[in-house]
Amino acid sequence: MDTINIGLLGLGTVGSGLVEILRQPQPRLAARRLKVTRIAVRTVTPERQAQYPDIALTTNSTSIVTDPNIKVVVEAIGGRTAAKELITTALTFGKHVVTANKDLIATNGAELSQIAAAHHVGLYYEAAVMGAIPVLRTLRNAYAGDPISRITGIANGTSNFILTQMIAHGASYDDALSLAQSKGFAEANPANDVNGLDATYKLLILTRFAFGMSPTIDDVSIQGITTLQPQDFVAASIWGYAIKPLAVSELTPDGLCMRVAPHLVPLAHPLAAVRDENNAVLIDSHNVNRLSMVGPGAGALPTANSIVADLLDLADNIHDGNTPERFVDTDTPAVVADAAHRVSPRFVGIRGDDVTREQLAALGISGRVQRGRGRVTVLTGPVTDSAVAQWRQVLATVPGLELIHILPVL
């Protein structure tokens with residue numbers, strides 16, 4: 001059995017984790033004869049090269065994706081422009097590619113999959129979504145005969161950690177973010193995480209696997225966690241809810257409804273108990289009813305472990321002389337529900353003194369009400385996104401009132 005030479009692009013958290021795993025004397029790994037032979041890095045120093053004496057380090061990424069001795073390229077540099085160019089080159093040179101690049105796969109995955117198919121090579125990206133949780137492979141293999149109705153996930157560990165600190169310890173948003181940064185769970189610039197973009201990219205990939213559709217980022221209703229305050233968690237708990245950062249894709253008779261936002265979740269719901277930096281996913285379907293998976297959503301070894309799972313799949317195909325199947329092989333036209341058909345109960349927070357039920361009713365807002373600390377909180381019945389947009393417009397014109405947020409209820 002020939003050795004499968006791997007070229008690695010990037011030696012950061014994920015790349016170094018991959019090398020560490022492949023160096024372990026695991027029999028199942030040894031049987032596949034996977035070997036990282038070259039790594040592209042930003043700078044090569046004698047000290048760094050000494051850490052990897054059996055691997056050639058280079059600053060020339062193109063030389064790796066065009067190297068005739070390399071069979072598989074693992075992309076771990078992130079970003080979109082350079083990564084797309086390198087992956088495209090690798091595929092056209094007949095190399096299989098494994099990547100953890102959710103941004104690129106969410107926006108250009110369909111195009112890259114077509115290139116891979118045209119050159120009879122594999123493009124796998126299990127590590128792009130939910131870290132160690134094998135959700136893409138599960139959706140691909142276990143649900144071929146089971147129609148999925150909804151997929152719900154805690155897809156961003158940074159946001160979940162921050163909200164856990166606010167719920168469990170009464171921390172402010174700023175203090176919880178600072179703690180997340182000190183522990184390495186949040187970047188110095190956490191915008192993609194806390195504003196929902198990271199989870200949105202993952203939701204687009206999950207939707208492609210769950211429903212065979214490829215919607216765009218413009219089809220997703222996105223709301224970050226930055227407006228949340230300790231009072232929100234108190235109010236939610238009084239009504240029997242937790243607040244969790246969810247990514248939801250649901251197939252309704254009116255089309256796909258996709259939302260990334262802090263949601264009120266019943267305290268008895270499985271996702272209400274998922275804490276700290278962990279991720280989780282719930283798959284609702286016709287035959288299985290509900291399947292849940294929980295695990296670490298980031299980190300060197302959890303993410304690298306998902307890359308290894310893809311490598312093992314590719315290795316078996318290579319050794320057997322088979323062309324890998326497309327990781328996702330369906331492409332149904334995306335039908336997206338409009339704002340008038342996206343319906344959910346809402347949790348409305350308004351800053352202002354002495355807001356009466358009559359004033360709220362005049363604004364079109366009704367439901368259970370809590371008051372305190374210069375704000376009013378309302379838990380409404382089912383409301384369309386169109387109605388919510390009208391609430392936002394009207395509230396912006398009312399003197400003495402300030403809309404804090406309007407959160408969906410699961």
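This short talk covers helix α8 and the packing of helix α1 against helix α13 in a predicted model.

I'll start with α8, residues 157-169. At 1.5 Å a residue, its 13 residues should span 18 Å, and the end C-alpha atoms are indeed 18 Å apart, so the expected and modelled spans agree.

Next, the surroundings of α8. Buried here means under 20% relative accessible area. By that criterion 10 of the 13 residues are buried, so α8 is largely enclosed by the rest of the structure. The buried ones are Gly-157, Thr-158, Ser-159, Asn-160, Phe-161, Ile-162, Leu-163, Thr-164, Gln-165 and Met-166. And what covers them? The cover includes three strands, β7 (148-154), β9 (241-252) and β11 (278-285), along with helices α9 (173-182), α10 (191-194) and α12 (230-238).

Now the two ends of α8. At the N-terminal end, Asn-156 acts as a cap, with a side-chain oxygen 3.3 Å from the backbone nitrogen of Thr-158. Just after the helix, Gly-170 has a positive phi of about 65°.

The second item is a helix pair. Helix α1, residues 13-22, packs against helix α13, residues 300-320, at an angle of about 60°, and the axes are 8 Å apart. Their crossing is right-handed. On the α1 side, the contact is made by Thr-13, Val-14, Gly-17, Leu-18, Glu-20, Ile-21 and Leu-22. From α13 come Ala-300, Leu-301, Thr-303, Ala-304, Asn-305, Ile-307, Val-308 and Leu-311. By type, the contact residues split into 10 nonpolar, 4 polar and 1 charged.

Technical notes: Residues numbered from 1 in each chain as written. Predicted model: local features only at pLDDT ≥ 70, side-chain atom pairs only at ≥ 80, totals over all residues. Heavy atoms only, no water. Axes fitted to C-alpha atoms, helices over the stretch in contact; angles between N-to-C directions. Helix = DSSP H or I, 4+ residues; strand = E, 2+ residues; numbered from the N terminus. Left-handed = near helix turned anticlockwise from the far one by under 90°. Contact = heavy atoms within 4.5 Å. Nonpolar A, V, L, I, M, F, W, Y, C, P; charged D, E, K, R; others polar. Expected span 1.5 Å × (residues − 1). Buried < 20%, exposed > 50% of the residue type's maximum accessible area, 1.4 Å probe, protein only. Polar contact = N/O pair within 3.5 Å; in protein donor to acceptor, adjacent residues only side chain to side chain.
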